[in-house]
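Visitor: Could you take me on a close look at one part of this protein? I would like to see the surroundings of a single tryptophan and then how that spot sits in the rest of the chain.

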Amino acid sequence: MMNPVTEPSPSTSATAEKAFSFISRGWREVRDSADADLQLMRARANSFKNLATSFDRELENFLNTASSSFSVPIQSAPSLPPPELEFVKRLQPKFSEFRRAYSSPDFSQKVLQKWNPRSRIRIDLSAIKNAIVSEVEDTVRIIDFDRDGFLSGRKKIRGKGFRWDWKGENEEWQPIRVLKTRLREFERKSSSEIFGNFRNNEFVEKVRSSLKSIYKEPQESKEVPPLDASELLAYLVKQSVPLFDQLGLRRDICDKIVEVLCSKRKDQLIWRSLSGRETSMRENENINDELDFRIASVLQSTGHCYEGGLWSDSVKHDFSGEKRHVAIVTTASLPWMTGTAVNPLFRAAYLSKSAKQKVTLLVPWLCKSDQELVYPTNLTFSSPEEQESYIRGWLEERVGFKADFKIAFYPGKFSKERRSIIPAGDTSQFISSKEADIAILEEPEHLNWYHHGKRWSDKFNHVVGVVHTNYLEYIKRERNGALQAFFVKHINNWVTRAYCHKVLCLSAATQDLPKSVICNVHGVNPKFLKVGEKVAAERELGQQVFCKGAYFLGKMVWAKGYKELIDLLSKHKNDLDGFKLDVYGNGEDSLEVQSAAKKLELNLNFLKGIDHADDSLHSYKVFINPSVSDVLCTATAEALAMGKFVICADHPSNEFFRAFPNCLTYKTSEDFVARVKEAMANEPRPLTPEQIYNLSWEAATERFMEYSELDKVLNNSVHSSESGKVHRKMKKSVTMPNLTEVLDGGLAFAHYCLTGNEILRLSTGAIPGTRDYDKQHCKDLRLLPLSVQNPVYGW
């Protein structure tokens, strides 16, 4: 624990001196850069003047060539000397004026002043062209032309002081043709050699890029068609889904209504408001996303900007340019061997293994009196550091690498009635605001039943809930279970909707929670995969691996499948004559379970609970798990990883395991008997590399990143199109009000008010004194006194 220490602030004079030094250094850098650019511009201007000089020489060569070319021998009068054309002399003043204009010292300055990124520098030869045309018209009298502008037949052309006869059809006068050819060559050469070098040099490119950064071409205004009544009604229905969900109306019915309302206008409006490239990006999105984008585009076209919701707190730490941080909050910790203690620990290890983000695992700290009730073999810890050392040692022994993540503790109390740990105080405060980026709530409903503090989705940028436990199934087994399950179902909907952005259900065995998707994001301890590889290698050598029959392992409480197991074995005692089953487990219902089995004279051998990775369990061939209360049984996955047969119920909780050939499911008790006989008479199949990978934590982490949308969040939701250009998805929450967020914020505020009342807390089953942590927690965790406002926590 690190208590806050007030550091002396720097003096005013020192701060001013540093600021002045920073400004001076910045001004010197700007001045030096400007001087360098000016020198470069002067050098380029001198270079351009040299180019103008070479241009002048080109003009002189052109005149000399033209003069010599115009002395053409006349076939009809060979005795006459070829006269010099008088109009060439008249052109010389024009060329002199042209040279002076383009070789003047200030020509380069004018070009740079008038030049812009979209201009084109060309030589204006219209004066020369007009002069040539006028001279030709004065000296040449053309008698007749055909439609194409050529002399037709044999014509006589009279010049001043001489006479030529032109023979030939569809031919131009040779001096004019030569002059045109020279002009074309000169214009092409001047454009490519002289000014082409100027346009393509480094200086011009630098100026062009600078001007482009300042000047932005105005985009074409695209009118977005206004919303019609059907779209408004569809959007109202879509935003009211949370309310309908709380009232019991199925979500797919609301989606169907939205789809029907939008189908008529989809082609006319939605796609018209998107460019062709944007349309191709959204082809795979459903009608709800299209409607959101349509509403956002209309509001954006009006210039409307939505500042935030009624309940939302937009003040969050900006992690742009920084390493992202993931906080995993769970409801249990080792040495309690339960799923919510083991699986979040592995998740933290494998998320930190990539080194792309920082990871903190936040686990409950129990006082010594509660530790004695929860942890096995009377194992207790006197300090959080001691328990952290135990946790890291256990983890490194199984994963085979040193996981680089932080372990922190929050105060918790154990509930004997619910057999679970309830957080005490505001759990979110134990993650500092500087690290509040992404939160993973393992069992979000459990963590937030009595949560009285900061809203998770306000403090964190992205909150993911992972549902581990089917609480409704457990509650239904209690007294007045149906009524309790009804209330708990709606409370679970309430808190997950209010505090999570995304919810992952391990299987369809849980209730249909808001914002939820179904995906198994748990893997298997690598130690079990190594056992499976060892078993496969020994079988290839012809050794006998499985010398024992069937077993069952699990916490010995009725809800963990013991009731179903005893019912199946008692019903088919005669069919399974001679079948023996070893049962490993400890729990609150141990005496009752053993007494019931003894009374029914079942062939069950009860043994003390041990770790599933214990060497004594490797030689069993069949694992039997009849439980239907689990969301996803970890022991089933571990048995498959070790290469055993698994016999389990045909239930949504076992959907993930059906793809494995060694998983034998049953629907009826008769099927159960058939599966037991099949497994005892055959040998399990070796796992393929693909099946082994699907059971691993590497694959589970990949599934978690995908289905929780954490990969998009960590990459700032940047999408690349086929053309390689980067496009950012429109932020709908910034451009328009979201009724879903307003409702979620209202639910969170109402929950905060209700959980602040101690009477209401106690009436709903809360542990007394869990609204705030007590003095013992302050002592154990070295926390600041409760009277201190806005405490800072550290370890």
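Guide: What follows starts at one residue and works outward through the chain.

Please keep in mind that this is a predicted model. Our starting point is Trp697, which belongs to helix α26, a run covering residues 697–707. Is Trp697 buried or exposed? Its relative accessible area is 1%, which is under the 20% limit, so Trp697 counts as buried.

What surrounds Trp697, once neighbours within four places in sequence are set aside? Its contacts include Asn343, Phe346, Arg347 and Tyr350. They also include Val521, His522, Gly523, Val524 and Asn525. Val524 deserves a second glance: 173 residues separate Val524 from Trp697 along the chain, yet their C-alpha atoms are 6.1 Å apart. For the chain as a whole, 70% of the contacts between residues at least 6 apart in sequence join residues at least 24 apart.

Some of these contact partners turn up again at a cavity. His522, Gly523 and Val524 are among the residues lining the largest cavity, which has a volume of about 80 Å³. Other lining residues include Asn520, Leu632, Phe656 and Phe657. Helices are represented too, since α23 (634–641) and α25 (689–695) each provide at least two lining residues. In character, the lining splits into 6 nonpolar residues, 5 polar ones and no charged ones. In total, 6 cavities of 30 Å³ or more are counted.

Now for the nonpolar interior. In soluble globular proteins, nonpolar side chains tend to be buried together. Here the largest nonpolar core holds 133 residues, and Phe405, Leu581 and Ile624 have the most contacts inside it. Helix α13, spanning residues 339–353, contributes the most to this core, with 8 residues. Beyond four places in sequence, Ile624 touches Leu581 as well as Ala550, Tyr551, Phe552, Leu565, Phe579, Ile647, Phe672 and Val676. A second core, separate and made up of 10 residues, includes Val237, Val241, Cys254 and Val258.

The backbone has a few spots that merit a pause. Most residues other than glycine have a negative phi, and most peptide bonds are trans. Leu334 and Pro335, however, are joined by a cis peptide bond with omega of about 10°, and Pro335 sits in the loop between β3 (324–329) and α13. Asn480 has a positive phi, near 55°, in the loop between α18 (471–476) and α19 (481–499). With a relative accessible area of 55%, Asn480 is exposed.

The loop between β9 and β10 gives us another positive phi, that of Lys515, with a value near 60°. Lys515 is partly exposed, at a relative accessible area of 25%. Gln511 occupies the loop between β9 (502–505) and β10 (516–518) as well, but Gln511 is buried, with a relative accessible area of 12%. Its side chain makes a polar contact of 3.2 Å with the side chain of Asn493. Outside its sequence neighbourhood of four places, Gln511 also touches Leu472, Lys489, Asn492 and Cys505.

Stepping back to the whole chain, there are 31 helices and 18 strands, and 45% of the 795 residues are buried. Trp697, where we began, is one of those buried residues.

How values were computed: Residues are numbered from 1 along each chain as its sequence is written. Side-chain values use heavy atoms; hydrogens and water are left out. Helices (H or I, at least four residues) and strands (E, at least two) are DSSP runs, numbered from the N terminus. Buried means under 20% relative accessible area, exposed over 50%, partly exposed in between (1.4 Å probe, protein chains only). Contact means heavy atoms within 4.5 Å. A nonpolar core is a set of buried Ala, Val, Leu, Ile, Met, Phe, Trp, Tyr and Cys residues joined through side-chain atoms within 4.5 Å. A polar contact is a pair of N or O atoms within 3.5 Å; within protein, one must be able to donate a hydrogen and the other to accept it, and residues adjacent in sequence count only if both atoms are side-chain atoms. On a 1 Å grid over the protein atoms alone, a cavity is a set of points where a 1.4 Å probe fits but cannot get out, and a pocket is an open set with protein on both sides within 12 Å along at least five of seven lines; lining residues have an atom within 4 Å of a point. Grid points are joined across faces, edges and corners, and a volume is the space filled by probe spheres set on the points. Ala, Val, Leu, Ile, Met, Phe, Trp, Tyr, Cys and Pro count as nonpolar, Asp, Glu, Lys and Arg as charged, and the others, Gly among them, as polar.
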